[in-house]
Amino acid sequence: MQLLAESGGSKTAWYLFDESGLLRSHRSSGMNPNALAATEILARQQEEWPEDLKVPEGTIVNFYGAGIGAAPMRTQIQEVLETLFPKTEILLETDMLAAARATCGDEVGIVSILGTGSNCCWYDGKEITGNLGSHGFLFNDQGGGADLGRAMISAALDGELPHDIEHQFRDWAGKSFLDIRTEIYQAEKTNVAMAKYSRFLAENASNPVLGSIVQRRFMAFFEKTILRMRKHRETPLHFVGSISAVYADILRGSLNLLGLKASKILGEPGDALLAYHLDLLRKEKA
């Protein structure tokens, strides 16, 4: 018996399975230790876990999570999982490896995550051997939701929008641009607050002016990551995350301008990651 978890800042997807296939799935809150204290993460998971979903002793727990790259954060999540699932074997990996395994399997590829933030890695078919990005919105995260929201707000504040879009955005937000600025500066989680305003771009991405804002931010992401990492032009490019899926057409169009193309675009990696682990388990049992 195995339990798979794919966890980000907002949600965790759980899959209980054996070699016969998926037995039960469940969704709960995100478990990013950079966003919540371990005690809060544990309390939320205990409250949200179904009473009839039992994880037997001896189960292998494969946990892939955001925010566990540093040892202290890994330790916090390890302790949470040991409390939730006593007498199980717990294996911790990053959300970046989840994205790589979900898209590449055992093949070489360049994998990007475009969610609230952004990240990019080189995957050799077994391990991540190179990584660019993921230093947070203050330092990069180009092309992520927070970056797109910031670009939208900045264009509004600087008077760069046509009048019709300016009025549309103000009506959509329900407040003045200066009030939006104040809200962002005072927000407890600045990146999440900015990402909220990227939804306006998502709802109106067919507008050429707004679509060009998204395209410019994707190009900035490519310049900082993929174009620096790409060793061979035939290396497949894969994208994971909500931003990747919502703006798939603009993403493909932006890549096309550089003579590149996306191989796979996944909004969420959970189902593909489950397929990867099922394949591994069945090979072990064969």
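Student: What makes helix α13 count as a helix, and what does α13 lie across?
Tutor: Helices are DSSP runs of H or I with at least four residues, strands are runs of E with at least two, and both are numbered from the N terminus. Helix α13 spans residues 270–285, so α13 fits that definition. Helix α13 lies across β1, β2 (11–18), β3 and β4. Contact means heavy atoms within 4.5 Å. This is a predicted model: local features need pLDDT of at least 70, side-chain atom pairs count only at pLDDT 80 or more, and totals for chains, interfaces and linings use all residues. Residues are numbered from 1 along each chain as its sequence is written, and side-chain values use heavy atoms, leaving out hydrogens and water.

Student: How is the angle of α13 to β2 defined?
Tutor: Axes are lines fitted to C-alpha atoms, for helices over the stretch in contact; angles run from 0 to 180 degrees between N-to-C directions. Helix α13 runs at about 25 degrees to β2.

Student: How do you know that β1 and β4 pair?
Tutor: Pairing requires at least two DSSP bridges between two strands. Six bridges join β1 (residues 2–7) to β4 (residues 60–65), so they pair. The two strands run parallel. Within β4, Ile60 is the bridge partner of Gln2.

Student: Why are β3 and β5 called edge strands?
Tutor: The open sheet has the order β3-β2-β1-β4-β5, with mixed pairing. Strands β3 (21–29) and β5 (89–94) each pair on one side only.

Student: What makes β6 and β9 a pair?
Tutor: Four bridges join β6 (residues 109–114) and β9 (residues 237–240) in the parallel sense. The cut-off is met, so they pair. Ser112 has Phe239 as its bridge partner in β9.
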